[in-house]
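Got the viewer open? Set the display to cartoon, keep the selection tool handy, and follow along one stop at a time.

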Amino acid sequence: MAGIFGKIFVGIYVEIKRSDGRIHQAMVTSLHDDNDSVTVEWIENGDTKGKEIDLESIFALNPDVAPDEEIPQSPEAPLPPSSITKTSKVPKVCSSPLAGNSPLLCRRVIFIDYCVVY
C-alpha cells in the first residue's frame, strides 16, 4: 500500500486545489488504497472542512511526495553511454640488444578508461 502513496502519510500537510481554484495546505487524515486517493482536512473560518482528492492531483501539486520511479534494468541491457571517456595512446619503441639496437616492430598500446555516470 505504501508504494502508491509515495511519501504521503497521515498527518503530513500537502498543497490542495479547491473547487474555486484556490490552492492552500491541508492535512492528510486518511489514505484510500481502494481508489488511489486521500482525505484531507483544513480549518476555514473556524470550521473544519475536508475533501477526498485523487493521488494524481496531489502529486501534481506536491511532486516532492510522489513515489520514486524505479527503472528496472535487465542484465542484457547495455550500459548507458559514458559521459567521460579518457583515451591515451602510448607509442612504444622497442630495441633489441641482440640486433645492434635496431628497432623492432612494436604495436601501439591504447588504453581506454570508461566512467559510467548514472
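**Stop one: a pair of facing residues**

Begin by selecting His32, which stands opposite Ser37 in S3. Bear in mind as you click around that this is a predicted model.

Now widen the selection to the strands around that pair. S2 covers residues 23-32, and S3 covers residues 37-44. The two run antiparallel, with 5 bridges joining them. They also make a hairpin, with 4 residues between the strands. Click on Asp36 in that turn: its phi is positive, at about 50°.

**Stop two: the neighbouring hairpin**

Next, select S1, residues 13-17. S1 pairs with S2 in the antiparallel sense, over 5 bridges. For a landmark, pick Val14 and look across to Ala26 in S2, which stands opposite.

S1 and S2 form a hairpin too, this one with 5 residues between the strands. Which residue in this turn has a positive phi? Select Gly21, where phi is about 95°.

**Stop three: the whole sheet**

Add S4, residues 47-54, and step back. You are looking at an open sheet of 4 strands, ordered S1-S2-S3-S4 and paired antiparallel. S1 and S4 are the edge strands, each pairing on one side only. Turn the view to see how the strands lie: neighbours in this sheet are turned by 45° against each other on average, ignoring direction.

**Stop four: charged side chains**

Switch on side chains. Opposite charges on side chains can pair when the charged atoms come close. How many salt bridges does the structure hold? There are 5, and a few are worth a visit.

Start with Glu44 and Arg18, whose side chains meet in a salt bridge at 2.6 Å, N to O. Glu44 sits in S3 and Arg18 in the loop between S1 and S2, so this pair ties together parts 26 residues apart in sequence. Are the two partners buried or exposed? Both Glu44 and Arg18 are buried.

Stay on Glu44 and add Arg22: these side chains also meet in a salt bridge, at 3.8 Å, N to O. Arg22 lies in the loop between S1 and S2 while Glu44 lies in strand S3, so here the parts tied together are 22 residues apart in sequence. Try a surface view of this pair. Arg22 is partly exposed, with a relative accessible area of 40%, while Glu44, at 17%, counts as buried because the cut-off for that label is under 20%.

Now select Arg18, Asp20, Arg22, Glu44 and Lys49 together: salt bridges with shared partners join them into one network.

**Last stop: a long-range link**

Finally, select Asp68 and Lys7. They form a salt bridge, with their closest N and O atoms 3.1 Å apart. This pair links distant parts of the chain, 61 residues apart. Asp68 is in the loop between helix H2 (55-61) and strand S5 (84-90), and Lys7 is in the loop between helix H1 (2-5) and S1. On the surface view, Asp68 counts as exposed at 61% relative accessibility, whereas Lys7 is partly exposed at 38%.

Note on methods: Residues numbered from 1 in each chain as written. Predicted model: local features only at pLDDT ≥ 70, side-chain atom pairs only at ≥ 80, totals over all residues. Heavy atoms only, no water. Pairing = 2+ DSSP bridges. Axes fitted to C-alpha atoms, helices over the stretch in contact; angles between N-to-C directions. Salt bridge = Lys/Arg side-chain N within 4 Å of Asp/Glu carboxyl O. Buried < 20%, exposed > 50% of the residue type's maximum accessible area, 1.4 Å probe, protein only.
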